[in-house]
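Me: I should be grateful for a close look at a single part of this structure. Please explain how that part fits into its surroundings, in terms that a first-year student can follow.

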Amino acid sequence: MCLAVPGRVLEIAEKDGTRMATVDFGGVQKEVCLEYLPDLRVGEYAIVHVGFALQRLDEESARQTLELFEQLGMLQEEFGDPWEMAAEAGGAPWPFTDDEPATDAAAGAARQEEIPQ
């Protein structure tokens, strides 16, 4: 699913002739194109879809929407790690914790447990 998600503009810069912003979506930051909202300013909120700010939004509406999306797990679905989500959907444990890969010994031990004797 691809959502239109409200986010808060943290900074604005021009990149290769295009007005871009760093936008915070409840803790996740992404680069967003501001060409459809050329007068959007730092601190304001906008609804963002596929990397484009499409509509200005008031802060209270943005916060309520972000809270609802988080409660429904939609922020994780939209911004989460697709590899981790695929592993979970397939019933496999995610092999990394705290962004550290599993050690070879731990991975080998896990494979040994799976092999029927």
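**A close look at strand S2**

Reply: The part chosen here is strand S2, which covers residues 18-25 and includes Arg19. The model is a predicted one.

It is useful to begin with the whole protein. The protein contains four helices and five strands. Along the sequence these elements follow the pattern β-β-β-β-β-α-α-α-α. Of the 117 residues in the protein, 24% are buried. The protein exposes about 8100 Å², and carbon and sulfur atoms supply 52% of that area. Among contacts between residues at least 6 apart in sequence, 34% join residues at least 24 apart.

Against this background, is S2 enclosed by the rest of the structure or open? Six of the eight residues of S2 are buried, so the strand is largely enclosed by the rest of the structure.

The pairing of S2 may be described next. Strand S1, residues 5-15, runs antiparallel to S2, and seven bridges join the two. Within this pairing, Ile12 stands opposite Ala21 of S2. S2 is also joined to strand S3, residues 28-33, by six bridges, and these two strands again run antiparallel. Here Asp24 stands opposite Gln29 of S3.

Both pairings are hairpins, and each has a turn that deserves attention. In the hairpin of S1 and S2, two residues lie between the strands, and Asp16 takes a positive phi near 55°. In the hairpin of S2 and S3, two residues again lie between the strands, and Gly26 takes a positive phi near 60°. Asp16 is a residue other than glycine with a positive phi. Most residues other than glycine have a negative phi. Asp16 belongs to the loop between S1 and S2, and it counts as exposed because its relative accessibility is 85%, where exposed means over 50%.

Two residues of S2 show what surrounds the strand. Consider Arg19 to begin with. Which side chain of opposite charge is nearest to Arg19, and how far away is it? It is Asp39, at 6.4 Å. Arg19 is buried yet has no salt bridge, because a salt bridge requires a side-chain nitrogen of Lys or Arg within 4 Å of a carboxyl oxygen of Asp or Glu. The side chain of Arg19 does, however, reach the backbone oxygen of Leu40 at 2.8 Å. Leaving aside neighbours within four places in sequence, Arg19 is in contact with a list of residues that includes Ile12, Ala13 and Glu14. The list also includes Val32 and Cys33, together with Leu37, Pro38, Asp39, Leu40 and Arg41.

The second residue is Thr22, also in strand S2. Thr22 has 12% relative accessibility and therefore counts as buried, since buried means under 20%. The side chain of Thr22 makes a polar contact with the side chain of Glu31 at 2.7 Å. Leaving aside neighbours within four places in sequence, Thr22 is in contact with Arg8, Val9, Leu10, Glu11, Gln29, Lys30 and Glu31.

The partners of S2 may now be followed further. S1 pairs with S4 as well, in the antiparallel sense and over four bridges. In that pairing Arg8 stands opposite Tyr45 of S4. Arg8 is also among the residues in contact with Thr22. S4 in turn is joined to S5 by five bridges, and these strands run antiparallel. Val48 has Ala53 of S5 as its bridge partner.

S4 and S5 form a hairpin with two residues between them, and Val50 in its turn has a positive phi of about 45°. Val50 lies in the loop between strand S4 (45-49) and strand S5 (52-57). Val50, like Asp16, is a residue other than glycine with a positive phi. The relative accessible area of Val50 is 55%, so this residue is exposed.

Leu57 provides a final point in strand S5. The C-alpha atoms of Leu57 and Ala46 are separated by 5.0 Å, although the two residues are 11 residues apart along the chain. Leaving aside neighbours within four places in sequence, Leu57 is in contact with Pro6, Tyr45, Ala46, Ile47 and Ala62.

To return to the part under study, S2 is joined to S1 by seven bridges and to S3 by six, and six of its eight residues are buried.

Technical notes. Residues are numbered from 1 along each chain as its sequence is written. This is a predicted model: local features need pLDDT of at least 70, side-chain atom pairs count only at pLDDT 80 or more; totals for chains, interfaces and linings use all residues. Side-chain values use heavy atoms; hydrogens and water are left out. Buried means under 20% relative accessible area, exposed over 50%, partly exposed in between (1.4 Å probe, protein chains only). Lys and Arg count as positive and Asp and Glu as negative; His and the chain ends are not counted. A polar contact is a pair of N or O atoms within 3.5 Å; within protein, one must be able to donate a hydrogen and the other to accept it, and residues adjacent in sequence count only if both atoms are side-chain atoms. Contact means heavy atoms within 4.5 Å. Two strands pair if DSSP finds at least two bridges between them. Accessible areas come from the Shrake-Rupley method with a 1.4 Å probe; for residues, only the protein chains shown count as cover.
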